[in-house]
Structures are given as structure tokens and as C-alpha cells.
Amino acid sequence: MTPIKYFDSFSDQNNNIVVFISKLSELTNISLPCNIEINLKNKSFQEILTKKNHIELLKTNNNKLIYKVIIKIFNPQKDNFVLIGSKIFNYFDYKIDKKITFIFSKSLYSIKSSLISNIILGYQLRTYSFDKYLTKKLSRPEVLLLQKQKNKTIKEIKYYDNLLKSINFTKDLVSEPANILNPITYATRCKNLKIKGLKIKVLNFDQIQKIGMNSLLGVSRGSANKPQVVIFEWNLKKNKKPIILVGKGVTFDTGGISLKPSTGMEEMIFDMGGSA
């Protein structure tokens, strides 16, 4: 997940900028670094932006990038903000473009409060990669720079950041190969979660056998790893009946392996996605 930093005034860090607008006239009221040149009277500029919904402006000097500006125009009443944010990710080469700046026109703040936080969420979702076992890591942005926001907007951004951590943690679990994430190591990762109000209990093989969970024991006989049952209790109150959710955590589904075609067999690690 890309760290977010807020800034008061522009600096040389702001050389990769995405400007979000809902109509062309909003560009006249947007503050940009002084070295960025935008000719609003240029007809070809207006035509491209109207037809394509975005335009890329580049300025280089001796092959050195001075700035790259993406102007994105969209319809706040119809467009999916998360999808818009995710598509912006493809506009940059992260081997070179390390610091990305998002700028929003003032009118966008009044259209929908969650618009900005949703666009940022979409972008952040695309920054995820599971490159834990790669010797050469995938290039990703180092920081996402935002102009100082109102407290309400910052609160929404923080909410989605927290949600994103959960999404990425789930993706990490699902992406782990089965020789790493087995029932025992999976249960250990669960036990290591430190969340206020959450109680975590793990039942081992003997406890499962004592309770009589014979269907689970039957399935687990096909594995060298002993089964585990992880119980999460969230703020339980004695006078209230609990709501119970059960997620299957088979870390590699070899059931009927003699009948299944080999194509896509590696995807059986995803069988524990529900419990993740």
C-alpha cells in the first residue's frame, strides 16, 4: 500500500500530477506548480480532452522529465470512482515515476463527499502485488501526495486505508503457496492478529477429535498436516445471541485429485479464500 502524504505548497516532488475535473472550465481555478504550462485556449487540447476524457502533458529537458501532468475529466453522476482511480495507475512507469500527486477541482468536493476517497481507494487497490518470493521486486509508487484536505475527507481516506490493509492481508493469505500456508501456519497467523475486542482460540487435532468433528477429520486424512479450527470471538456479550459465520479454510483442495484435470490445479490454493 502506497503511503499518503499531505502538502501545503508545491515543490520539486510534484512532477507527476493527476488533475481530476468534471468539466474543462474547472482548470482555470486549479492551482498548479508555476513551471507547468497549460494553454486552455488551444483547440486541439480541448478536443482531445473532450473526446478521450484525459490528456497527458509532458515536459522534458535533456531527456530529463521536468513534469508529467495527466488531466482526467469524468462524469461524477455516472462514473465509478473506484474504477477511475484504478485506471489512473496505468498512466505511470513506476521505475521512473516514484511520487504521484493527485489534485482535485474544488467543485468535486461539493458533488459527493466520498468521491475523493473512492478514487484514492481505486488507485491504491491497483498498487498491490504479491512479490514476496520474487528476487526482482515489481516497481510501485513510493508515495501518493495530496493537497491538504478537510478533516472529513481525511477521515474517509483513513477509513479506506484501514479497509485496504484488510483486503491486502486477505490477498497475501490467498496468494501463499500451500507448502508455506498449511493449517498449522495459517492458524499461527490468525493467532498473531492483535485487534482490540477480538478473542482468538485455536483447536488442535486432539480437541477436534474430542468434540467429534469427524467430517473435518475425514477430509484432513489426505494431508500430512494436522487440521486446526480457529475461532474468532468479537465483543461477545452474555445477554446477546451470537451471529456465527463459518469459513472453509482448506489451504489446498486436493479432493478428487484423481478425477480433476491438471489444468488450473495450482489455483486450488484459493480454496481458503472464504475463511481468509
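A pocket is an open set of grid points with protein on both sides within 12 Å along at least five of seven lines, and its lining residues have an atom within 4 Å of a point. With that in mind, the tour may begin; the model on display is a predicted one.

**Stop 1: the second largest pocket**

Select Glu26, Asn29, Ile30, Ser31, Ile103, Phe104, Ser105, Lys106, Ser107, Tyr109 and Gln147, which line the second largest pocket. The volume of this pocket is about 150 Å³. Which element gives the most to its lining? Helix H3 does, with 3 residues. Strand E5 (99–104) and H3 each contribute at least two residues to this lining. Colour the selection by class, and 4 nonpolar, 5 polar and 2 charged residues should appear.

**Stop 2: helix H5**

Next, select residues 151–175, which form helix H5. The helix has 25 residues, and at 1.5 Å a residue they should span 36 Å; the end C-alpha atoms are in fact 36 Å apart, so expectation and model agree. Now highlight the buried residues of H5: Thr153, Ile154, Glu156, Ile157, Tyr160, Asp161, Leu164, Asn168, Leu173 and Val174. When reading their positions along the helix, recall that an α-helix has 3.6 residues a turn, so residues three or four places apart point the same way.

What covers the buried residues of H5? The cover includes strand E1 (4–7), helix H3 (106–111), helix H4 (115–126), strand E6 (143–147) and helix H6 (183–191). Thr153, located in helix H5, offers a particular case. Its relative accessibility is 6%, which is why it counts as buried. Apart from neighbours within four places in sequence, Thr153 is in contact with Tyr109 and Ile116. Tyr109 was already selected at the first stop, as one of the residues lining the second largest pocket.

**Stop 3: helix H4**

Ile116 leads on to helix H4, where it is among the buried residues. Select the whole helix, residues 115–126. Its 12 residues should span 16 Å at 1.5 Å a residue, and its end C-alpha atoms are 17 Å apart, which agrees. Is H4 largely enclosed or largely open? Because 10 of its 12 residues are buried, H4 is largely enclosed by the rest of the structure. The buried residues are Leu115, Ile116, Ser117, Asn118, Ile119, Ile120, Leu121, Gly122, Tyr123 and Gln124.

**Stop 4: the cavity lined by H4 and H5**

Keep both helices in view and select Ser117, Ile120, Leu121, Gln124, Ile157, Tyr160, Asp161 and Leu164, the residues that line the largest cavity. H4 and H5 each supply at least two residues of this lining. How many cavities of 30 Å³ or more are counted? The count comes to 1. About 40 Å³ of space lies in the largest cavity. Its lining divides into 5 nonpolar, 2 polar and 1 charged residues.

**Stop 5: the strands around E4**

Turn now to strand E3 (residues 54–61) and strand E4 (residues 64–73), which pair in the antiparallel sense over 8 bridges. The two strands form a hairpin with 2 residues between them. In the turn, select Asn62, which has a positive phi of about 55°. Asn61 has Lys64 as its bridge partner in E4.

Further along, centre the view on Val69 in E4. Leu57 has Val69 as its bridge partner, and Ile17 also stands opposite Val69. Strand E2 (residues 16–21) is joined to E4 by 6 bridges, and these two strands run parallel. E4 is mostly covered, with 7 of its 10 residues buried.

Just before this hairpin, select Asn53, in the loop between helix H1 (43–52) and E3. Asn53 has a positive phi of about 70° although it is not a glycine. Its relative accessibility is 36%, so Asn53 counts as partly exposed.

**Stop 6: Glu266**

Finally, select Glu266, in the segment after strand E8 (229–234). Is Glu266 buried or exposed? Its relative accessible area is 55%, so Glu266 is exposed. To end the tour, display Leu40 together with Glu266: the two are 226 residues apart in sequence and 53 Å apart in space, C-alpha to C-alpha.

Conventions:
Residues numbered from 1 in each chain as written. Predicted model: local features only at pLDDT ≥ 70, side-chain atom pairs only at ≥ 80, totals over all residues. Heavy atoms only, no water. Helix = DSSP H or I, 4+ residues; strand = E, 2+ residues; numbered from the N terminus. Expected span 1.5 Å × (residues − 1). Buried < 20%, exposed > 50% of the residue type's maximum accessible area, 1.4 Å probe, protein only. Contact = heavy atoms within 4.5 Å. 1 Å grid on protein atoms, 1.4 Å probe; cavity = no way out; pocket = protein on both sides within 12 Å on 5 of 7 lines; lining within 4 Å. Points joined across faces, edges and corners; volume = space filled by probe spheres on them. Nonpolar A, V, L, I, M, F, W, Y, C, P; charged D, E, K, R; others polar. Pairing = 2+ DSSP bridges.
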